[in-house]
Each structure stands twice: as C-alpha cells, then as structure tokens.
Amino acid sequence: MAFGETILKYKEELFRDLDTLLSIESIDGEKDEECDRALRFILERAEDFGLLCERVTDKSAHVQLGGEGKLCGVLSHLDVVPAGNNWSVNPFALTERDGRLMGRGIADDKGAALVNLYCLRALRESGIQGKNTLRAIYGTGEETGMEDMDGYFDKMPLPDLAFTPDSEYGICCAEKGIIHIEVSTIVNNANVLTQFHSGKAINAVPDMAYVMLDSSSYDEQLLMRLADAGTGNFEFNYTIDGLMIISRGKAAHACEPHKGQNAAAELIDLITNAYEAHDIGSICSFIDYAINKETNGRSLGLKMSDSASGALTVNLGIVHIEGETAKAQFDIRYPVTVSGESVIKQFSRVAENSCLRVEILHHEPPLYVERESELISILSEAYEAVTGEKPLIYSTGGGTYARKLGGRGVAFGPNFMNDEINMHNADESVDKENFLRHCQICLEAMYRLYTLE
C-alpha cells in the first residue's frame, strides 16, 4: 500500500474545511481583507493540527514539519479569480453534484492548498520520522502577478526541492514566459463609441462585453445584419445614452484562449465592420487589425512555437473605454526558447504604429527543468506508486509559483487532463474521485521528500 492512502481517513473533515475555505471571496486587489482571512484560516487550522506555522508577509506564510536536512517546499495559492457570470451553483461554497466538487478555487488552487495542509497533518499524526524539512508555502497574489512569492523569498530561503500543485498531472517541466501588456491613448479619440467595458482579469478570456454607441438608425440596422451573419452572441438595447450592444462569450484561462470565446474580440469585430477607425477610436482599431479574434499572434508578427513548450498565445483580457480613458490589456504566453524582450519589442512596434502608448505591466521569464532531474524522478515515483502508471512529462502555457523557484521546482497536479475543470470559467469543478486521487499522490510525494536521504 502506498503511504498516500493514509490521507483518505481525513476526507470528511477535509471537505468541511474546504467548504469554509471556498466561502472566502479571496480576490487579490478587490477583496484583500478576504485574502487575509483565507491565509489566517490556514494558519489557524495548522495550529489546531499541532503544526509549526509562520506569517512571513502580509500576503504569504508557511506551515512546517521537521527542521533539518534539505528544505523541501510545496507551494499553493489562496487567491482566486473573480466568479464571473453564468454559474449554476453558488461559486463561493462547496457543492457536490453528479460526482463533482464545484466552487471557485476547487481546482485553482484552494483545493490543493488545503490538501497540502492535511498532508502535513497526516505525516505528523502517523509519526513519520523525516530526514528533511517540509514546508507548505502559501500566497495570496498568484493570480495577479506572483509578487506575494517575491516578498516571501526576500525573507525566506528557496527550497532545495519543491513542487506546486497548480497545474495538471503528470509533471510540468516547462512553463512559457508570460507578458502582460497595456496599450492606451493620451485621450479617448472615439467619435461614436462612448463606452466599452470588458474583462475583470487579464489572465482570463472575458465572457461578457458591452459598448455604448451614439448611432443612427442606419448604423443600427447594419449592425444587426452583421450580428446575424457573424459568430458572436449579441443583444441590442436602446437607452437614453444611445445604443448598447452586449456581447456574450465563453470564459477560459489565458494560457488556453482558444478554448474560450472572447466576448470583447467578437464585439470589436462587429463594430469595426460598421464604422470607420475615427468613429471607434485607436484602441478598437488596433485590436481589429493587430489581433481581431486571433489567439496565435499572427497579425502581430508573433506567430511562433518550439518543440519544448509549444505555440505562443495572445489573449485580449480587459478593455476599458469611457470619458478620457481608453486602454486595453493583453496576456501573452511565449515559448521557453524565445526571448521575451523580442516579443515585447515586436508588439510595441505594431502598437506604436497606431500611436498607442505601451506599458509592460508584468513579465515572468519561462521555466525549464531537465526531465532527468532528481526532483522529477521523485515525483514520477510518487505518481506511479499511487496510479500504477508513469506520468507524462509535459509543458504548459500556464504560470505557477514554480517559476519563482530558480529551477528547483515544477508544477505537479492537482488536476487530471481528462477532467473538464472549467478553470477561470463558470462552474469550476473537479471529479471527486480525481480529487481524492490527487490527495493520495500529493501525500505520497510529500512523504518521499520528507524522508529522502
């Protein structure tokens, strides 16, 4: 029997704690007090379990078992993206339906975060004598740039070996580089377009957008004909301020933008076919010719890929036009063998041709860990001990805390590739049996790190 099975005796208590943790609306930058509450909840439960814990910064903490040997880390985050629209259940509660566990954060990343804590509890209460120090490290700013881990590692050493259960099984040895870019105009130079709003998170495909137009009846008839002929889902409303068009799409994670339908891109495609550039302004015109509904960067001159990590992706995450403000934000994931500076230079060149200002909001270089490393060997053995199968070694466009570990850590679980989890979308969920299987794999991996000679 794999040691990981020990975790199953705690499952009912774990689910009760998970319901509490999911109820906390810990959205970094919007509800910082709730992020703090989530972190305090973890530390309070750690104390209940007799574990050592330390609040390191306002946005980070760790729970520890052991105090010698190698420092081994398991990193997870307690912040979540906003709930968004179209949920069929309460997003901020644990709901079980048709064999699935549902709620914002169940897959990304509160489910795994709580499992990490229960793994430490299981090791302590089983009386395992470890050779190393095991830390479950927690942050509350992963979805907004990972500066929480910058602060944590300013005060704490990097682990010798680490993993973060914030992706998919098997083992992710490569993570694409991530660039967040904002383009804006000095003044809003649209003549007909008075408002455009879409997106709450730059790293998610927006599922809703709306525009306000000071339009004529001829324009409205043309727009409706174009809407009928297009691929978007539009709703037309007449208000005292003009014509409002609402666009509805499908949310997805920015690392896989092709899996969603970008409501903002659909709406811009509609209005740019009905108006001249000076009517809708520089931002919408730029999006139309440089991106439109593409997710591969072709029109930007950025279409590229490599064998180690795959293709570059571009996601239009946020558009905000109102009054004198006009800006849009993009999430770009680029291959591990490509220079991030070259991507920035090419994007900027195209944007500046439209007289737009360009600001780099965030840049995370790519990560690559050799497949033959000691860490990947340990995690592979843990996975095989529980599942009876060898893990796939793969790359991702997602960004995890692993890239903060200086090549000493990788993403490992918690989700399974055959499970439609709806990450960053409505009805985020995991298969219950898969969740319990992750619990066992995670404990087995932590056990092996803790007892490693």
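**Exercise 1. Counting salt bridges**

How many salt bridges does the count come to?

*Solution.* Start with the source. This is a predicted model, in which local features need pLDDT of at least 70, side-chain atom pairs count only at pLDDT 80 or more, and totals for chains, interfaces and linings use all residues. Residues are numbered from 1 along each chain as its sequence is written, and side-chain values use heavy atoms, with hydrogens and water left out.

Next, apply the rule. A salt bridge is a side-chain nitrogen of Lys or Arg within 4 Å of a carboxyl oxygen of Asp or Glu. By this rule the count is 27 salt bridges.

**Exercise 2. A link between two helices**

Take the salt bridge of R45 and D17, and state which parts it ties together.

*Solution.* Step one: the distance. The side chains of R45 and D17 meet at 2.8 Å, N to O.

Step two: the elements. Helices (H or I, at least four residues) and strands (E, at least two) are DSSP runs, numbered from the N terminus. R45 lies in helix α2 (residues 32–48) and D17 in helix α1 (residues 11–22), so the pair ties together parts 28 residues apart in sequence.

Step three: the burial. Buried means under 20% relative accessible area, exposed over 50%, and partly exposed in between (1.4 Å probe, protein chains only). R45 has a relative accessible area of 14%, so R45 is buried. D17 has 9%, so D17 is buried.

Step four: the network. Salt bridges link E13, D17, R45, D48, R121 and E125.

**Exercise 3. Strand β9 and its distant partners**

Find what E175 and C172 meet far along the chain.

*Solution.* Begin with E175. E175 forms a salt bridge with R403, with the closest N and O atoms 3.1 Å apart. E175 lies in strand β9 and R403 in the loop between β23 (393–396) and β24 (409–412), so this pair ties together parts 228 residues apart in sequence. Both E175 and R403 are buried.

Now take C172. C172 is also found in strand β9, residues 171–175. Its relative accessibility is 0%, so C172 counts as buried. Contact means heavy atoms within 4.5 Å. Leaving aside neighbours within four places in sequence, C172 is in contact with Y394, S395, T396, V410 and A411. C172 and A402 are 230 residues apart along the chain, yet their C-alpha atoms are separated by 9.5 Å.

**Exercise 4. A sheet and its helix**

Work out the strand order of the open sheet of three strands, then find the helix that packs on it.

*Solution.* Two strands pair if DSSP finds at least two bridges between them. The order is β4-β5-β26, with antiparallel pairing. β4 (95–97) and β26 (429–431) are the edge strands, each pairing on one side only. From one strand to the next, the twist averages 25°. Three bridges join β5 (residues 100–102) to β26. Within this pairing, L101 has V430 as its bridge partner.

Helix α11 (residues 432–451) packs on the sheet and touches β4, β5 and β26. The direction of α11 makes about 80° with that of β26. Such axes are lines fitted to C-alpha atoms, for helices over the stretch in contact, and angles run from 0 to 180 degrees between N-to-C directions.

Helix α11 has a further link. The side chains of E381 and R448 meet in a salt bridge (3.7 Å, N to O). E381 lies in helix α10 (residues 374–387) and R448 in helix α11, so the pair ties together parts 67 residues apart in sequence. E381 has a relative accessible area of 41%, so E381 is partly exposed. R448 has 25%, so R448 is partly exposed.

**Exercise 5. A hairpin**

Describe how β14 joins β15.

*Solution.* Strand β14 (residues 233–239) and strand β15 (residues 242–248) run antiparallel, joined by seven bridges. Two residues carry the hairpin from β14 to β15. F234 has its bridge partner in β15, namely S247.

**Exercise 6. The surroundings of L361**

Place L361 and list its contacts.

*Solution.* L361 lies in strand β21. Its relative accessibility is 36%, so L361 counts as partly exposed. Not counting residues up to four places away in sequence, L361 touches H180, I181, E182, I202 and Q329. Between L361 and L134 the C-alpha distance is 34 Å, at 227 residues apart in sequence.
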